[in-house]
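Biologist: I am new to this structure and would like a close look at a single part. Please take one cysteine and its surroundings, then the charged pairs around it in the chain.

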Amino acid sequence: MNIAHYHLPGLFEFYELYKIFLPLYREHRDWFYEWCDIGSIYGAPSDCLWGGGRAAFSDANVDDVFKLVNEFRISARLTFSNSLLQEEHLSDRKCNELCKKFSKTEVKSGVIVHSDLLVNYLKSKYPELYLVSSTTKVLTDFYDLQTELNRPDFAYVVPDFRLNKAFDRLASLPQDKKDKVEFLCNECCDYDCKNRKVCYENVSRKNLGQGVADHKCSSPDAAGGYRFSLAMKNPAFIGFQDIQNTYLPMGFTNFKLEGRGLGSAIVLEFLLYYMTKPEYQLQVREAIYLDSMLDLF
């Protein structure tokens, strides 16, 4: 039976949550679905020049995060998906130090990347790290997805969520390409949004220190922020039953959960919904809520 590999948000952003959740996952593996596991945890510390996708806010100690992924033998992914990098940005000390450190994890770590300039730099400088093509490229055309999957640079490719249900075309992919596709499951963004790339570029500019105003989302639900209940109504939403009954039988095994910019309470709900058997969700929730060291909000 195929195993679903979840790629979870908040490597640095939700370190405190994972410090509690991962021991539960290891010690009570029977509380969680046997058909899934943790493929990686992704994220970035605050103020990373190469960062993109979402503005990261984290005070987690890098050494603590490094120790955690090694202890639980989980792949770490640095989210360096800035789309606007120039040659002079490649020498950034903080980002290079992070790559150097995480190139030495016990389980191979990776980098989520958008810029081809950064792709070439990482391949040359840190060949130990695998590369993931970022969803910030907004690959909505299936031909563009195929082209990206054919690139040997990438171990995984995250298409735009609006290709999630292109089943006829997805089914036509050979298995080695299916193994590289990583679906974004729980996107809440308006399915008809035309400004997704502009939104991501706004975050890239902010991470480069450019004084730009916040991107103003035109979605009718934008004012309410992220709601998992609304994400579930998105035409592209992939639920855990979809994974079990449709994607795994088709040969797809990699599934990304978004959420770096959300609170840890919402991310916990993702972990409960996607990974935890219903009869044990209360036990997991209680164990985490009752830990006085964790601020869930």
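Modeller: What follows starts with the whole protein, moves to one cysteine, and ends with salt bridges.

This is a predicted model, in which local features need pLDDT of at least 70, side-chain atom pairs count only at pLDDT 80 or more, and totals for chains, interfaces and linings use all residues. Residues are numbered from 1 along each chain as its sequence is written, and side-chain values use heavy atoms, with hydrogens and water left out.

The protein has twelve helices and eight strands; helices (H or I, at least four residues) and strands (E, at least two) are DSSP runs, numbered from the N terminus. Of its 297 residues, 56% are buried. Buried means under 20% relative accessible area, exposed over 50%, and partly exposed in between (1.4 Å probe, protein chains only).

Now the cysteine. Cys-48 sits in the loop between β2 (36-43) and α2 (62-71). With a relative accessible area of 3%, Cys-48 is buried. Leaving aside residues up to four places away in sequence, Cys-48 touches Phe-80, Lys-94, Cys-95, Leu-98 and Asn-207, where contact means heavy atoms within 4.5 Å. From C-alpha to C-alpha, Cys-48 and Leu-208 are 8.3 Å apart in space, although 160 residues separate them in sequence.

A disulfide is a pair of cysteine sulfur atoms within 2.5 Å, and by this rule the count is zero. For Cys-48, the nearest cysteine sulfur is that of Cys-95, 4.5 Å away, and Cys-48 is in no disulfide.

Next, the charged pairs. Side chains of opposite charge can pair when their charged atoms come close. A salt bridge is a side-chain nitrogen of Lys or Arg within 4 Å of a carboxyl oxygen of Asp or Glu, and the structure holds 16 of them.

One of these salt bridges joins Asp-63 and Lys-101, at 3.0 Å from N to O. This pair links distant parts of the chain, with Asp-63 in helix α2 and Lys-101 in helix α3 (residues 93-102), 38 residues apart. Asp-63 is partly exposed at 47% relative accessibility, and Lys-101 is partly exposed at 27%.

Helix α3 also holds Glu-97 and Arg-93, which are four residues apart and so separated by about one helical turn. Their side chains meet in a salt bridge (2.9 Å, N to O). Glu-97 is partly exposed, with a relative accessible area of 45%, while Arg-93 is exposed at 65%.
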